[in-house]
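This report goes through a single chain, from overall confidence to strands, helix packing and loop residues. The sequence and the structure are shown first.

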Amino acid sequence: MVGIETSQHVKLSYEPAGVGERILAFFLDAFFIGIYYLVVIWIWGYVNDIGPSSAGSFEDSIWVLYIVLVLPLMLYHLVSELVSNGYSLGKKIVGIRVVKVDGTRANLGGYLVRWMFRLVEISMTSGVLAFVAILLNGKGQRIGDILGKTCVIKERKKVNLDNTLYSKVADAYEPRFQQVAELTDKDIRIIREVLDSRSHYDYDNWFLMLQKTRKKIEDRLGVEDHGMSGDEFLQTVIKDYNAIHGKG
């Protein structure tokens, strides 16, 4: 698992992308690049058919074609991941992306290192070196990822807002903790994610995370001795927040 610590100092985990998912993303990217090549070559042929046919102009057009074809192949993965927060087209479709090993957004240095090693790991060895490195590493990292301190993770599936922020609240419900008005939507999402993460951890680790979150929220709200268990208190905070902000 790849860990990321939230603003509430709660560590959440992300699952590394599997070899199969990365291979599928690779072939999808190759497909899109192939489509691009076909379109460029068709346009080049069409322009040469209707343009001047001197030897000099043909040589110039060959250089243009070379640049237009080779540069995208060389820079596609670097540029797409850099400007799209770790995604390429293939990765976006498959639902995986590049991040730093702590789960946060990768930086330019990390993208550059993994891009440079791509030539050796994938291009020169047909992906065999990258495949072996990922299997042996156990964290979804090829050599470029290890040296660049990056990894490829599975994106969390999008879920209904009712499961992340909103909670059904009866019309007659009276909030117990009015102080929850000071919290933000982001705070409530983190609380909900901690509550819903029970199935991802053994009970002891989940319980420690739950109690840590409870203590942080109690300190934020300035409440104590409320007589509730950790999960009951956090569920009440969510209900109160929805009742006060009219999101029930």
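What is the mean pLDDT of the chain, and what share of its residues reach 70 or more? The model is predicted; the mean pLDDT of the chain is 81, and 82% of its residues reach 70 or more. Two stretches fall below 50. Over residues 5-10 the pLDDT is below 50, and this stretch has 17 contacts in the model beyond near neighbours in sequence. Residues 158-164 also have pLDDT below 50, with eight contacts beyond near neighbours in sequence.

**Overall make-up**

The chain contains nine helices and four strands. Read from the N terminus, the order of elements is β-β-α-α-α-β-α-α-α-β-α-α-α. The chain has 248 residues, of which 38% count as buried. Among contacts between residues at least 6 apart in sequence, 67% join residues at least 24 apart.

**Strands 3 and 4**

Strand 3 covers residues 96-100, and four of its five residues are buried. Its partner is strand 4, residues 150-154; five bridges join the two strands, which run antiparallel. In strand 4, four of the five residues are buried, so this strand is largely enclosed by the rest of the structure.

Two of the pairings can be named. Val-99 stands opposite Cys-151 in strand 4, and the bridge partner of Lys-100 in strand 4 is Thr-150.

Val-99 lies in strand 3. Is Val-99 buried or exposed? Its relative accessible area is 0%, so Val-99 is buried. Leaving aside residues up to four places away in sequence, Val-99 touches Thr-104, Ala-106, Lys-149, Thr-150, Cys-151 and Ile-153. Cys-151 is thus named both among the contacts of Val-99 and as the residue opposite Val-99 in strand 4. Val-99 and Asp-145 are 46 residues apart in sequence, with a C-alpha to C-alpha separation of 9.5 Å.

**Packing around helix 7**

Two packed helices are described by the angle between their axes and the distance between the axes. Helix 7 (residues 185-196) can be described in this way against helix 8 and against helix 9; the table gives both pairs.

| Helix pair | Distance between axes | Crossing angle |
|---|---|---|
| Helix 7 (residues 185-196) and helix 8 (residues 203-221) | within 10 Å | roughly 155 degrees |
| Helix 7 and helix 9 (residues 230-244) | within 10 Å | roughly 145 degrees |

How is helix 7 oriented relative to helix 8? The axes of helix 7 and helix 8 cross at roughly 155 degrees, which makes helix 7 roughly antiparallel to helix 8. Helix 7 passes helix 8 in a left-handed crossing. On the helix 7 side the contact is made by Asp-187, Ile-191, Val-194 and Leu-195, and on the helix 8 side by Trp-206, Met-209, Leu-210, Thr-213, Ile-217 and Arg-220.

The crossing of helix 7 with helix 9 is likewise left-handed. Here helix 7 contributes Asp-185, Ile-188, Ile-191, Arg-192 and Leu-195, while helix 9 contributes Asp-231, Leu-234, Gln-235, Val-237, Ile-238 and Tyr-241. Ile-191 and Leu-195 are listed in the contact with helix 8 and also in the contact with helix 9.

Val-194, one of the helix 7 residues in the contact with helix 8, has a relative accessibility of 0% and therefore counts as buried. How far apart are Val-194 and Leu-210 in sequence and in space? The two are 16 residues apart in sequence and 6.6 Å apart in space, C-alpha to C-alpha. Leu-210 is among the helix 8 residues that make the contact.

**Loop residues with positive phi**

Most residues other than glycine have a negative phi, and most peptide bonds are trans. Two loop residues of this chain have a positive value instead.

Asn-85 has a phi near 55 degrees. Asn-85 sits in the loop between helix 2 (55-83) and helix 3 (89-94). With a relative accessible area of 25%, Asn-85 is partly exposed.

Ser-126 has a positive phi of about 55 degrees. Its place is the loop between helix 4 (108-123) and helix 5 (128-137). Is Ser-126 buried or exposed? Ser-126 counts as exposed because its relative accessibility is 68%, and the cut-off for exposed is over 50%.

How values were computed. Residues are numbered from 1 along each chain as its sequence is written. This is a predicted model: local features need pLDDT of at least 70, side-chain atom pairs count only at pLDDT 80 or more; totals for chains, interfaces and linings use all residues. Side-chain values use heavy atoms; hydrogens and water are left out. pLDDT is the predictor's confidence in each residue, from 0 to 100. Contact means heavy atoms within 4.5 Å. Buried means under 20% relative accessible area, exposed over 50%, partly exposed in between (1.4 Å probe, protein chains only). Two strands pair if DSSP finds at least two bridges between them. Axes are lines fitted to C-alpha atoms, for helices over the stretch in contact, and angles run from 0 to 180 degrees between N-to-C directions. Angles under 35 degrees count as roughly parallel, over 145 as roughly antiparallel, 65 to 115 as roughly perpendicular and the rest as oblique. A crossing is left-handed if the near helix is turned anticlockwise from the far one by less than a right angle, and right-handed if clockwise.
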